[in-house]
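Open the model in a viewer and keep the sequence panel visible. The stops below go from the sheet to single residues.

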Amino acid sequence: MRNNRGFTLVEMMISVAIFGIVMTGIYQTYDSQQKTYIMQEHVIDMQQNLRTALYFLGQELRMAGYDPSAKADASPYIDSPGFDNATIGEFGVTMDLNGDRDIDDPNEIIRYALTNDTNPKDGISDAINTDGDWINSGAKCSLGRETGGAGGLQPVADNID
């Protein structure tokens, strides 16, 4: 008499193979969803950094040439008080924040520029060559802020061209 209570080896191998195929599909779906989630997190972080940078940039642009005493001559070298060296790759603003009638305080001179746009300061990342191809130098182009010419550019927002 035969015992019909168990599974045969062939039935077990078929069920393990089907289980493997199903689990592979589930894992691929999970992996795809995880990559999408991580990419969306990066996009959200970039947007938030840009939003914050634009907020502070807007505040400082509105304060350009601020001179409560009207005697600081906040920008003696150009016609538009408050704006210095405005080019496509960088610009600076001056303001008399402490009301002492001059702009000799380092915090009263602010410069914004692209951190990876050194030559010829054309507003295009130096990681791009003249043919428009990327040079894989690993250097990202960021919007940087410098106060008073000290300390160099500090990144404010990443991936800006």
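Buried here means under 20% relative accessible area, exposed means over 50%, and partly exposed is in between (1.4 Å probe, protein chains only). This is a predicted model, in which local features need pLDDT of at least 70 and side-chain atom pairs count only at pLDDT 80 or more, while totals for chains, interfaces and linings use all residues. Residues are numbered from 1 along each chain as its sequence is written, and side-chain values use heavy atoms, with hydrogens and water left out.

Start with the sheet. Five strands (DSSP E runs of at least two residues, numbered from the N terminus) form an open sheet in the order 1-2-3-4-5, with antiparallel pairing; two strands pair if DSSP finds at least two bridges between them. Strand 1 (83-84) and strand 5 (150-157) are at the edges, each with a single partner strand, so one side of each has no neighbour in the sheet.

Next, select 109-114 and 143-147. These are strand 3 and strand 4, antiparallel and joined by five bridges. Tyrosine 112 has arginine 145 in strand 4 as its bridge partner.

Stay in strand 4 and pick glutamate 146. Is this residue buried or exposed? Glutamate 146 is buried, at 9% relative accessible area. Leaving aside residues up to four places away in sequence, glutamate 146 touches Ile109, Ile110, Arg111, Gly152 and Leu153 (contact: heavy atoms within 4.5 Å).

Finally, go to glycine 89, in the loop between strand 1 and strand 2. Glycine 89 is also buried, at 10% relative accessibility. Add aspartate 117: the C-alpha to C-alpha distance from glycine 89 is 7.1 Å, with their positions 28 residues apart in sequence numbering.

Conventions. Helix = DSSP H or I, 4+ residues; strand = E, 2+ residues; numbered from the N terminus.
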